[in-house]
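Please open the structure in your viewer and keep the sequence panel beside it, since this tour moves from one selection to the next.

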Amino acid sequence: SEKWALMVTGRTPTNIAVIKYWGKRDETLILPINDSISVTLDPDHLCTTTTVSVSPSFDQDRMWLNGKEISLSVGEFQSCLREIRSRATDFEDKKKGIKITKDDWQKLHLHIASYNNFPTAAGLASSAAGLACLVFSLAKLMNVKEDYGQLSAIARQGSGSACRSLYGGFVKWIMGKEGDGSDSIAVQLADENHWDELVIIIAVVSARQKETSSTSGMRDTVETSLLIQHRAPKRIIQMEDAIKNRDFPSFARLACADSNQFHAVCLDTYPPIFYMNDTSHRIISCVEKWNRAEGTPQVAYTFDAGPNAVLVARNRKTAALLLQRLLFHFPPQSDTNLDSYVIGDKTILQ
Ligand code: PMV
């Protein structure tokens with residue numbers, strides 16, 4: 001058989017929601033019941049790097065995650081592969097004598113190798129970075145001519161929060177109205193240079209894999225929680241204004257309130273979902289006390305589907321103080337590890 005392989009490597013940072021997505025109105029297409037807003041992190045620290053390759057000598061689609069082969073037969077991967085393949089266009093490299101037509105792409109097999117430089121499935125949005133990177137790298141390989149917005153709608157079908165990772169800076173996932181999901185896409189609110197005083201510190205309270213997956217948690221919430229209907233869409237507009245005006249007190253109040261409301265909704269779900277633990281609660285108290293003592297918020301906190309704290313300091317000086325305080329209250333012999341990040345860049349070709 002022919003002896004050639006084409007390869008593309010992409011790198012995608014993870015993102016952290018400051019207004020959370022929780023609940024699907026369509027589980028197959030992954031359409032949410034609310035808009036959400038996130039911050040994309042610095043790709044040097046928390047990112048996925050994915051190499052996708054195609055060759056006539058491959059006899060099936062295969063994937064490796066952190067060096068271990070995993071099954072590609074799960075629905076999320078299949079949706080992304082199908083959507084990208086259907087948009088593949090002709091590719092030609094005259095120098096190498098390689099020509100792949102739209103039809104060839106439907107038959108050729110892929111090898112995918114993905115690597116996370118941080119704990120997988122521990123509530124640090126590994127699936128967001130992973131699926132966004134997969135879609136972006138495949139789109140480049142297969143010469144797909146769609147823009148970031150269209151690619152975000154494909155990444156969304158892999159993991160909802162993944163659609164927000166294609167862009168850097170501050171990103172909004174618009175829930176959309178259409179039944180087919182065509183308008184449920186991510187848009188960039190502001191790029192990574194817009195508010196670069198902010199420093200994000202992640203306190204890894206536990207790197208263990210979460211007990212309730214976001215998919216089953218969301219399903220239970222939508223079916224059983226009465227509180228969920230009170231999640232306030234008004235916060236989206238207020239958060240957009242806070243970001244636009246670099247208004248840290250409003251940003252912090254909204255992010256903390258939304259995180260607390262999300263975890264209240266989890267507790268209001270049957271069976272109840274506990275993502276935070278005692279250490280998480282102690283970190284919240286610590287930050288709340290500090291903000292009250294200063295009279296105006298210095299630090300914001302937000303927690304995803306796990307006990308790890310994502311802390312946003314208003315500037316570098318505050319971040320240094322925060323690290324000292326956290327280390328004082330949560331010394332290294334406890335299970336809390338600290339790491340700091342800055343707001344990151346968008347998905348790129350490596
Ligand atoms: O995209 P998923 O299924 O991993 O869900 C993510 C849900 C949260 O992280 C809790 C909130 C969010 O908006 O990222």
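**Around the ligand**

Begin by selecting the ligand in this predicted model, and then show the 13 residues around the ligand, among which Ala 17, Tyr 21, Gly 160, Ser 161 and Ser 214 come nearest. If you colour this shell by residue class, you will find 4 nonpolar, 7 polar and 2 charged residues.

**The two domains**

Next, colour the protein by its domain assignment, which gives domain 1 as residues 6–192 and domain 2 as residues 199–342. With these colours on, return to the shell around the ligand, to which domain 1 and domain 2 each contribute at least three residues. If you then step back to view the whole protein, the C-alpha centres of domain 1 and domain 2 are 26 Å apart.

**Strand β12 and its partners**

Now select residues 170–173, which form strand β12. Are the two faces of this strand covered or uncovered? Both are covered, with Phe 170 and Lys 172 buried on one side, and Val 171 and Trp 173 buried on the other. This arrangement can be read with a general pattern in mind, namely that side chains in a regular strand alternate between the two faces of the sheet.

Add strand β5, residues 36–40, which pairs with β12 in the antiparallel sense over 4 bridges, and look for Ile 37, whose bridge partner in β12 is Lys 172. Finally, add strand β13, residues 186–190, which also pairs with β12 in the antiparallel sense over 4 bridges; here the bridge partner of Lys 172 is Val 187.

Terms used. Residues are numbered from 1 along each chain as its sequence is written. This is a predicted model: local features need pLDDT of at least 70, side-chain atom pairs count only at pLDDT 80 or more; totals for chains, interfaces and linings use all residues. A residue is near a molecule or strand if its C-beta atom, placed from the backbone, lies within 6 Å of it. Ala, Val, Leu, Ile, Met, Phe, Trp, Tyr, Cys and Pro count as nonpolar, Asp, Glu, Lys and Arg as charged, and the others, Gly among them, as polar. Domain bounds come from an automatic or database domain assignment. A residue is buried if 20 or more other C-beta atoms lie within 10 Å of its own, exposed if 12 or fewer, and partly exposed in between; C-beta atoms are placed from the backbone. Two strands pair if DSSP finds at least two bridges between them.
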